[in-house]
Amino acid sequence: MSTIDIEFKNVSKSYDGKNYIIKGIDLKIPSGQRTILLGPSGCGKTTLLRMISGLETITDGELYMGGEVVNRLEPGDRNVAMVFQNYALYPHMTVEKNILFGMEIAKVGKEERERRLVEALDMFGLTPYRTRYPKELSGGQRQRVALCRALVKRAPYFLLDEPLSNLDAQLRTMARAELVRMHKVYLPTFIYVTHDQVEAMTIGEKIVVLNEGKIQQYDSPDVIYNQPKNVFVAKFIGAPSMNIENADVDGNDLVISGTRVPIPKGWRTKIGERKKVKFGIRPEHVELMNDPVGPEVEIHYVENQGDKKSIAFLLDDVIFMATAGTHFETRDRMYLKMDWSKMHIFDAETTENVGYPEK
C-alpha cells in the first residue's frame, strides 16, 4: 500500500487576513500517484500547487511532505521539479544547455548528466533539436524542453501548472501520453493543475475537484464521472455537461417540467421524505425514440460533432441535451426515454447527491 507523501491538514490561505482563497483544506496524496487539481479559474488549484512548491506561504494549518512539516521550508530545499504554463527557457542557451543547466548547478556528474539528457530528449522526441535555440522551436517543442528540464532533475515531486494549455489539440494529446509514460517509468509524486477535464480524466489516477477554495470531491476519474458528489461536480465534469433540472416528488412520481416519471422502489428509499430534488442525467444517457415510450419532445437544434450529434430538445419549456450517432433535424418531434440506472438525484437545498440504490 502506498504511503502518504503529501498531506494538507486544515490548510487555509489569505492575502489580507479576511478573504480566504483556500478554506480549510484536508487532503492526503499517496507517494507516486498522479493527482490532478481540477477546477474553474480562481478555485485555488494553482495556489495549492504553489504551496507544495514553497512559492506560496500557508496562512493556517500544516503541510506535510514525506512525513515532515514543510510550512517554513524554502522552495530550494523541498526537492521539487516544476513546469509552468510559460516555458521560461533561457533564450541564449541551446536545448541541451537549457536541460543541463540545473544539473550542473546541482553538481551532478558529467556522465550522469549526459545519460539523463539523452534519455529525456529521446522520451520527448527532441533528439534532432538538441543544438537549436528556443527561438528556432515551435511552442510545442519549447514546452517539451521545459518538461525535459524538470524530468532530468529526478525529483521525487513533479509539479505541473497547466503545462499543455499553449499547445494545439493534437500536440496536447501526444504530450498527455508522454507525461503518463514518463510517470510510469520514474514514479514521482505527480501533481498536475488544469481546468481541462479531458486532461484530468486521461492523465489522473485521482482527481481533486475544487471550487471556491474547497474540495468538492476527491476520487478516481470513473467515480467522479459516474457518481458525482454534488451538482457542481456533475455539471463541471462532462461535455456537454449533465442535464440538471429541479423536480418535485409527488407520491411515487417525479415531476419534471410538468412531466410525471414513476420512481422505482430503490430510488424512492434514497429520496426519502424530500418533496423537492434536482434530477440529473448525462446527455449520452438520454434516448430519443420514434416509439411513444415517454413524453413527446421537440428538437430545438442539432450540433454536428462528426462522430456524434449534440441534440438540444425542449421538455415543456426546459432545454435538455442528448448525444446520438443518428440523424435528427430541428423541429423533429421524438419521444424521451429515461433510464433510471443512469440517473442522479441531488438534494434541492444542499445540492449533495442523495446516493444510489444497490444494484
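Here is a chat about the pockets, the cavity and one helix pair in this predicted model.

Colleague: Let's start with the open spaces. Which elements give two or more residues to the lining of the largest pocket, and which of them gives the most?

Modeller: That pocket has a volume of about 760 Å³. Two or more lining residues come from each of β6 (80–83), α2 (95–105) and α4 (139–151). The top contributor, with six residues, is α2.

Colleague: Which residues lie nearest the centre of the largest pocket?

Modeller: The lining has 28 residues. By class, 19 are nonpolar, six are polar and three are charged. Nearest the centre you'll find Val80, Ala81, Met82, Arg149 and Lys153.

Colleague: And the second largest pocket: how do its lining residues divide by class?

Modeller: This pocket is about 370 Å³ in volume, and 15 residues line it. Nearest its centre are Asn226, Ser341, Lys342, Tyr356 and Lys359, while α7 (221–226) and β20 (343–347) each supply at least two residues of the lining. The split by class is six nonpolar, five polar and four charged.

Colleague: Now for the closed space. How many cavities of 30 Å³ or more are there, and what is the volume of the largest cavity?

Modeller: The count at 30 Å³ or more comes to one cavity. The space inside the largest cavity is about 40 Å³.

Colleague: Which element gives the most to the lining of that largest cavity?

Modeller: Look for Gly140, Arg144, Leu167, Leu171, Met174, Ala175 and Glu178, which line the cavity. They divide into four nonpolar, one polar and two charged. Both α4 and α5 (169–186) supply at least two of the lining residues. The most, four residues, come from α5.

Colleague: Those two helices come up together, then. Are α4 and α5 roughly parallel or roughly antiparallel?

Modeller: Their axes are 12 Å apart, and the helices pack at an angle of about 10 degrees. Angles under 35 degrees count as roughly parallel. So α4, relative to α5, is roughly parallel.

Colleague: Which residues of α5 does α4 meet?

Modeller: From the α4 side, the residues in the contact are Gly140, Arg144, Leu147 and Leu151. Taking both helices, the contact has six nonpolar, one polar and two charged residues. On the α5 side, the partners are Leu171, Glu178, Leu179, Met182 and Tyr186.

How values were computed
Residues are numbered from 1 along each chain as its sequence is written. This is a predicted model: local features need pLDDT of at least 70, side-chain atom pairs count only at pLDDT 80 or more; totals for chains, interfaces and linings use all residues. Side-chain values use heavy atoms; hydrogens and water are left out. On a 1 Å grid over the protein atoms alone, a cavity is a set of points where a 1.4 Å probe fits but cannot get out, and a pocket is an open set with protein on both sides within 12 Å along at least five of seven lines; lining residues have an atom within 4 Å of a point. Grid points are joined across faces, edges and corners, and a volume is the space filled by probe spheres set on the points. Ala, Val, Leu, Ile, Met, Phe, Trp, Tyr, Cys and Pro count as nonpolar, Asp, Glu, Lys and Arg as charged, and the others, Gly among them, as polar. Axes are lines fitted to C-alpha atoms, for helices over the stretch in contact, and angles run from 0 to 180 degrees between N-to-C directions. Angles under 35 degrees count as roughly parallel, over 145 as roughly antiparallel, 65 to 115 as roughly perpendicular and the rest as oblique. Contact means heavy atoms within 4.5 Å.
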